[in-house]
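Me: I would like a close look at one part of this model, set out as a single connected account that starts from the inside and then widens to the surroundings.

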Amino acid sequence: MKKLLLVVASLIAVITLVSVLDYLDRESPVKVKVSMEGSFFKDAQFIQKKDGQLKLQLFSQQAFMSEDGKLMELQGLTMFFPEKNFTVKARKGFYWTESGDLILSEGIEGISKDYKIYGSEAYWIAKDKTLYSDNPLKIEGSRFIIEGNSGKASENLIELKKGVKAIVYSKK
């Protein structure tokens, strides 16, 4: 009889313990803090939409996140603007997650069906939808080459400033 009582008591204790653990697992939220320091993403993609329409895609081979999650260092990045069928590539960049602003550096190349733009450093201001540069830029088309010491590009205009040189080839 004592053995049976001991077995029943043990069984009740195990059932109670399992029930309590199951309740705690379901009911009490576990708070986890993940440090982003030293973390990185491979083949990251950021998408910007407005009214359900794709406005900008940003791809990066590697993206290193800052501790506070507000800044990402990008390597091997490509920006694609589907409305203009325009692509911008750079070896490095910095992306501010809250504003969507970017700094592009090293080997910047903008590609469209009619021309290519080359530069060494540029700034993308998301709210203005404008790409700025205070460094030399070069634009090459099938019949022209234009160089300037700074400039900007928006949805409808590319403007070069300071020391602009242009070569235009005639039709043959």
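How much space lies in the largest cavity?

Reply: The model is a predicted one, and in it about 190 Å³ of space lies in the largest cavity. A search of the whole structure with a lower limit of 30 Å³ returns 1 cavity. Its lining is made up of 22 residues, and those closest to the centre are Ile-117, Ala-122, Leu-131, Leu-137 and Ala-153. Rolling a probe the size of a water molecule over the atoms is what shows where empty space is left.

The lining draws on several strands. At least two residues each are supplied by E4 (86-96), E5 (102-111), E6 (115-125), E7, E8 (137-141), E10 (150-153) and E11 (158-161). Among these strands, E6 gives the largest share of the lining of the largest cavity, with 6 residues.

Strand E7, one of the contributors to that lining, covers residues 130-133 and includes Ser-133. Ser-133 counts as buried because its relative accessibility is 3%, which is under the 20% limit used for that term. Leaving aside residues up to four places away in sequence, Ser-133 touches Glu-121, Ala-122, Ser-150 and Gly-151. Of these partners, Ala-122 has already been named among the lining residues closest to the centre of the largest cavity, so that the contact list of this serine leads back to the cavity by way of a residue within 4 Å of a cavity point. The side chain of Ser-133 also reaches the backbone nitrogen of Asn-135, at a distance of 3.1 Å.

A second buried serine can be set beside this one, in another part of the chain. Ser-60 lies in strand E2, and it is buried because its relative accessible area is 3%. A polar atom of the Ser-60 side chain lies 3.2 Å from the backbone oxygen of Gln-75, whereas the side chain of Ser-133 reaches a backbone nitrogen. Beyond residues up to four places away in sequence, the contacts of Ser-60 are Lys-42, Asp-43, Ala-44, Leu-74, Gln-75, Gly-76 and Leu-77.

The pairing of the strands gives these contacts of Ser-60 a setting. Strand E1 (residues 40-50) and strand E2 (residues 53-65) run antiparallel and are joined by 10 bridges, while E2 pairs with strand E3 (residues 71-81), again in the antiparallel sense, over 8 bridges. Leu-58 can be followed across both pairings, since Phe-46 stands opposite Leu-58 in E2 and Met-79 is the bridge partner of Leu-58 in E3. In a regular strand the side chains alternate between the two faces of the sheet. The two hairpins each contain a residue with a positive phi: Asp-51, near 50°, in the hairpin of E1 and E2, which has 2 residues between the strands, and Gly-69, near 75°, in the hairpin of E2 and E3, which has 5 residues between the strands.

For the chain as a whole, the elements comprise 1 helix and 12 strands, and the order from the N terminus begins with the helix and continues with the strands. Of its 172 residues, 24% count as buried, and Ser-133 and Ser-60 both belong to that buried class. The accessible surface comes to about 12,300 Å², with 57% of it belonging to carbon and sulfur atoms. Among contacts with a separation of 6 or more, 26% are between residues 24 or more positions apart.

Definitions and conventions
Residues are numbered from 1 along each chain as its sequence is written. This is a predicted model: local features need pLDDT of at least 70, side-chain atom pairs count only at pLDDT 80 or more; totals for chains, interfaces and linings use all residues. Side-chain values use heavy atoms; hydrogens and water are left out. Two strands pair if DSSP finds at least two bridges between them. Helices (H or I, at least four residues) and strands (E, at least two) are DSSP runs, numbered from the N terminus. Buried means under 20% relative accessible area, exposed over 50%, partly exposed in between (1.4 Å probe, protein chains only). Contact means heavy atoms within 4.5 Å. Accessible areas come from the Shrake-Rupley method with a 1.4 Å probe; for residues, only the protein chains shown count as cover. A polar contact is a pair of N or O atoms within 3.5 Å; within protein, one must be able to donate a hydrogen and the other to accept it, and residues adjacent in sequence count only if both atoms are side-chain atoms. On a 1 Å grid over the protein atoms alone, a cavity is a set of points where a 1.4 Å probe fits but cannot get out, and a pocket is an open set with protein on both sides within 12 Å along at least five of seven lines; lining residues have an atom within 4 Å of a point. Grid points are joined across faces, edges and corners, and a volume is the space filled by probe spheres set on the points.
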